[in-house]
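Here are my notes on the structure you passed along. Have it open while you read; the points below go one topic at a time.

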Amino acid sequence: MTTTAAGLWLKDPLAIYTGDGTDAGGGIVVDGAEIVELVPPGGVPSSPHAEVFDASRHVITPGLVNTHHHFYQTLTRAWTPVVSAELFPWLKGLYGVWAGLTPRDLELATTVALAELLLSGCTTAADHHYLFPSGLEEGIDVQVDVVRRLGMRATLTRGSMSLGERDGGLPPQQTVQDADTILADSERLVSAYHDRRDGAFVQIALAPCSPFSVTTEVMRDTAALAKSLDVRLHTHLAETLDEEDFCRERFGLRTVDYLESVGWLSDRTWLAHGIHFDDDEIARLGAAGAAVSHCATSNMRLASGIARAVELEEAGVPVGLGVDGSASNDGSNMIQEVRQALYLQRLRYGAARVTPERALGWATAGSAAALGRTDIGVLSPGRQADLAMFTLDELRFSGSHDPLAALLLCGADRADRVMVGGRWRVTDGQLVDLDVPQLIAHHSESARRLLARAA
Ligand code: ZN
């Protein structure tokens with residue numbers, strides 16, 4: 001059974017987090033691609049349902065939404081020379097390797113990242129792809145094919161780098177493109193693939209990489225293009241103090257002032273990391289409605305700092321979560337990312353303000369808002385039937401009491417079932433139509449060859 005026909009009742013779950021405060025202890029009913037009913041505790045659905053699934057072993061959450069990633073980086077995880085480097089030396093060590101990416105590498109890397117995400121309960125993922133070396137000009141097209149094959153949702157961003165070392169940027173010259181090429185390809189991809197409807201599986205956003213790898217001209221022109229095409233904008237911002245120094249030295253501005261100067265301070269924008277903001281900047285981001293993707297694991301891995309997620313959220317900034325990487329995480333596990341965010345934010349704000357429900361809210365409704373989506377992220381009638389179902393049968397959960405808290409506190413790392421738009425994509429902890437051992441073999445070989453080319 002991979003699709004739901006004429007109504008499916010996921011009956012009496014062990015626990016359910018709907019995200020909108022409704023107690024749906026009796027479960028939910030899915031019909032076609034959508035959720036049609038939440039059932040109160042002890043209740044029976046009023047909508048027709050030809051099938052009933054006994055969910056009494058399952059904790060149900062909305063499908064998790066990942067707001068920041070670089071799928072291609074699954075090929076360079078735990079690479080010895082940069083295992084203990086911080087962001088700038090980490091990037092400088094890796095740029096030369098990444099410059100050798102081929103379409104086949106990117107296809108395999110995208111498949112691996114999405115497969116990992118799906119297995120961890122993620123149903124929608126954003127990817128930030130900004131490398132288009134010779135031969136990989138159609139990288140996003142390659143990714144669209146993989147997303148469609150796996151039946152997940154994705155916001156694929158047309159990233160870019162245009163400020164090479166020669167002109168004072170961080171990346172080597174062979175990894176950057178000129179403004180005309182970037183803008184023309186951005187426009188091409190939006191017109192070819194961007195789906196504006198509810199239930200969209202593929203959306204395109206525009207994503208110059210960062211202040212230290214993109215010219216001011218490309219930042220400004222991309223914002224204007226995104227406005228005219230009505231698509232979202234994404235970039236890395238305020239990730240490290242090195243970046244803050246770079247902005248001050250090159251532009252004479254702090255990061256948010258720079259963002260505003262190039263026309264990006266708006267609710268069209270979501271920012272990866274957003275760590276080093278002062279009080280005034282948090283207020284300005286909130287007033288503008290710009291969103292932040294909090295990438296807790298990556299921020300710890302690269303020792304970048306602790307984002308002010310609670311203050312950002314309370315200022316009106318939609319806060320979502322991102323696994324980032326995978327070479328700066330180095331996994332693509334979304335439910336583990338929720339646990340990391342919960343704990344990292346507790347270090348800053350104390351335990352009482354950062355509850356499991358709040359962290360799950362970041363990974364679902366918050367992330368959906370960051371991607372500009374109103375059709376996913378919450379379990380309620382009319383929303384897409386995207387959901388993750390976890391069992392608590394493993395040793396690590398034995399003796400736990402609050403099932404929802406146990407998901408995070410006991411360290412769930414794999415979903416038992418995952419549904420995207422009414423279709424099961426994971427059943428019994430396995431992807432429904434992907435040969436994982438074969439994928440690992442091909443992807444590992446591809447990773448070896450990529451490093452060999454760079455040597
Ligand atoms: Zn990133």
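1. In which sense do strand E15 and strand E16 pair, and over how many bridges? This is a predicted model, and in it E15 (residues 387–391) and E16 (residues 417–420) run in the antiparallel sense, paired over three bridges. If you want a spot to click on, take Ala388, whose bridge partner in E16 is Val418.

2. Those two strands belong to an open sheet of six strands, ordered E2-E6-E15-E16-E17-E18, with mixed pairing. The edges are strand E2 (15–16) and strand E18 (430–431); each has a single partner strand, so one side of each has no neighbour in the sheet.

3. Now look at strand E1, residues 8–11, which has two pairings worth tracing. With strand E3 (residues 27–31) E1 pairs in the antiparallel sense, over four bridges. With strand E5 (residues 51–54) the pairing is parallel, again over four bridges. Leu8 is a handy marker for both: it stands opposite Val30 in E3 and opposite Glu51 in E5. As a reminder, strands of a sheet pair through backbone hydrogen bonds, in either the parallel or the antiparallel sense.

4. Which residues coordinate the zinc ion? Three histidines and an aspartate do the job: His68, His70 and His236, each through NE2, plus Asp324 through OD, at 2.1 to 2.5 Å. Along the sequence the donor residues follow the spacing H-x1-H-x165-H-x87-D.

5. Why is the site not called tetrahedral? The angles among the four donor atoms run from 86 to 173 degrees, and a tetrahedral site needs all of them between 85 and 135 degrees, so this one counts as irregular. For reference, the ideal angle for four tetrahedral donors is 109.5 degrees.

6. Are His68 and His70 buried or exposed? His68 counts as buried because its relative accessibility is 0%, and His70 counts as buried too, at 3%; the cut-off is under 20%.

7. Stepping back to the whole chain: there are 14 helices and 18 strands. The radius of gyration is 21 Å, close to the 23 Å from the globule rule for 455 residues, so the chain is as compact as a globular protein of that length. Its C-alpha atoms fill a box of roughly 65 × 50 × 45 Å along the principal axes.

8. Last, burial and contacts. Of the 455 residues, 62% count as buried. The chain exposes about 16000 Å², with carbon and sulfur atoms supplying 50% of that. Among contacts between residues at least 6 apart in sequence, 75% join residues at least 24 apart.

Definitions and conventions: Residues numbered from 1 in each chain as written. Predicted model: local features only at pLDDT ≥ 70, side-chain atom pairs only at ≥ 80, totals over all residues. Heavy atoms only, no water. Pairing = 2+ DSSP bridges. Donors = N, O, S within 2.8 Å, 3.2 Å for Na, K, Ca; no water. Tetrahedral: all angles 85-135°; square planar, octahedral: opposite > 155°, others 65-115°. Buried < 20%, exposed > 50% of the residue type's maximum accessible area, 1.4 Å probe, protein only. Rg over C-alpha atoms; globule rule 2.2 N^0.38 Å. Contact = heavy atoms within 4.5 Å. Areas by Shrake-Rupley, 256 points an atom, 1.4 Å probe, with all protein chains shown as cover.
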